[in-house]
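Visitor: I would like a quick tour of this structure. Can you take my questions one at a time?

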Amino acid sequence: MSQAFTTLIPNDKIRSRISELAASISADYAGSTEDNPVLLLCTLRGAAFFAADLVRALTVPCELDFIKVHSYFDDVNPSGIPVFELGREINVTGRDVLIIEDIVDTGQTMDLVKRHYTEHGAKSVRIAALLNKPSRRLPGLKDMVDPDYSGFEIPDLFVVGWGLDFNEKYRLLPDVMVYDPDAV
Ligand code: IMP
């Protein structure tokens, strides 16, 4: 008999890593001002928990908004086609944009988001991701979507908890856990 859930990253490690990330981000954006604050764009729904902790630990002026990207999967596009559901119209002209993402997997979502805001006049677009699965990256996207701020690099495993879901379940688990839906 195998277990459906196995702890990969416990709660206390996630919390302390988020504090470290917040310190690096605050140092890198030290030039941001009340007139031109960093624009934090949290991807719904998965990154909501990560963003809530990260944002409250930042020490530089910032604004928070939310975006949502949905991926469609079919036989022709087994790795999915990402499409904006929310946030396409956010005005980013001249702004330093920091995307807050739960996990960078194939990289397609962050590729779409990063290219979109870059093409729409952002001064800079960076990525802060709680988790990163570099071994899953689609060829050609590697450098483009590597998170500028990465909480943890993980192997090719499906994980839930701390905001990450499986069919909208298990987001509220307090640790990042490997989930095996076939385990009995
Ligand atoms: P990408 O476009 O393939 O990089 O996919 C990114 C999105 O896929 C993330 O924002 C998650 O919503 C979802 N995702 C990828 N891997 C996992 C996982 O292990 N657990 C839960 N969601 C995941």
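**Strands, ligand and loops**

Guide: This is a predicted model. Strand E5 covers residues 96-104 and is mostly covered, with nine of its nine residues buried.

Visitor: How many bridges join E5 to strand E6?
Guide: Strand E6 spans residues 124-132 and runs parallel to E5. One bridge pair there is Asp 96 with Ser 124 in E6. The number of bridges joining E5 to E6 is eight.

Visitor: Which residue in E5 stands opposite Leu 39?
Guide: Strand E2 takes in residues 38-44. E2 and E5 run parallel, joined by four bridges. Opposite Leu 39, in E5, stands Val 97.

Visitor: What is the strand order of the open sheet of three strands?
Guide: Its pairing is antiparallel. The edge strands are E1 (5-9) and E8 (159-160), each pairing on one side only. The order is E1-E9-E8.

Visitor: Which residue in E9 does Thr 7 stand opposite?
Guide: Strand E9 holds residues 176-179. E1 and E9 pair in the antiparallel sense over four bridges. The residue opposite Thr 7 is Met 177.

Visitor: How much of the ligand does the protein bury?
Guide: The ligand is surrounded by 15 residues, the closest being Asp 102, Asp 105, Thr 106, Thr 109 and Val 159. An N or O atom in the side chain of Lys 133 is 3.0 Å from a ligand oxygen atom. Taken alone, the ligand exposes 500 Å². Of that area, the protein buries 81%.

Visitor: How far does a backbone N or O atom of Asp 105 lie from an oxygen atom of the ligand?
Guide: Two aspartates make polar contacts here. For Asp 102, a polar side-chain atom lies 2.8 Å from an oxygen atom of the ligand. For Asp 105, the atom is a backbone N or O, and the distance to a ligand oxygen is 2.8 Å.

Visitor: Is Thr 106 buried or exposed?
Guide: Thr 106 sits in the loop between E5 and helix H3 (108-119). A polar atom of its side chain lies 3.3 Å from the backbone nitrogen of Gln 108. Buried means under 20% relative accessible area. Thr 106 has 13% relative accessibility, so it counts as buried.

Visitor: What is omega for the cis peptide bond that joins Leu 44 and Arg 45?
Guide: Arg 45 belongs to the loop between E2 and helix H2 (48-57). The bond between Leu 44 and Arg 45 is cis. Its omega is about -5°.

Visitor: What is phi of Trp 162?
Guide: Trp 162 is found in the loop between E8 and E9. Trp 162 is buried, at a relative accessible area of 5%. Its phi is positive, in a residue other than glycine. The value is near 50°.

Visitor: And what is the relative accessible area of Glu 168?
Guide: Glu 168 is also in the loop between E8 and E9. Its phi is positive, about 70°, although Glu 168 is not a glycine. Glu 168 is partly exposed, and its relative accessible area is 48%.

Visitor: Which residues make the nonpolar surface patch of about 240 Å²?
Guide: Phe 66 is one of them, and lies in strand E3 (residues 62-72). A patch residue needs over 30% relative accessible area. Phe 66 is partly exposed at 35%, so it meets that cut-off. The patch is made by Leu 64, Phe 66 and Leu 86.

Key. Residues numbered from 1 in each chain as written. Predicted model: local features only at pLDDT ≥ 70, side-chain atom pairs only at ≥ 80, totals over all residues. Heavy atoms only, no water. Patch = residues over 30% accessible without salt bridge, like charges linked within 9 Å, V, L, I, M, F, W, Y side chains within 5 Å. Areas by Shrake-Rupley, 256 points an atom, 1.4 Å probe, with all protein chains shown as cover. Salt bridge = Lys/Arg side-chain N within 4 Å of Asp/Glu carboxyl O. Helix = DSSP H or I, 4+ residues; strand = E, 2+ residues; numbered from the N terminus. Buried < 20%, exposed > 50% of the residue type's maximum accessible area, 1.4 Å probe, protein only. Near = heavy atom within 4 Å. Polar contact = N/O pair within 3.5 Å; in protein donor to acceptor, adjacent residues only side chain to side chain. Pairing = 2+ DSSP bridges.
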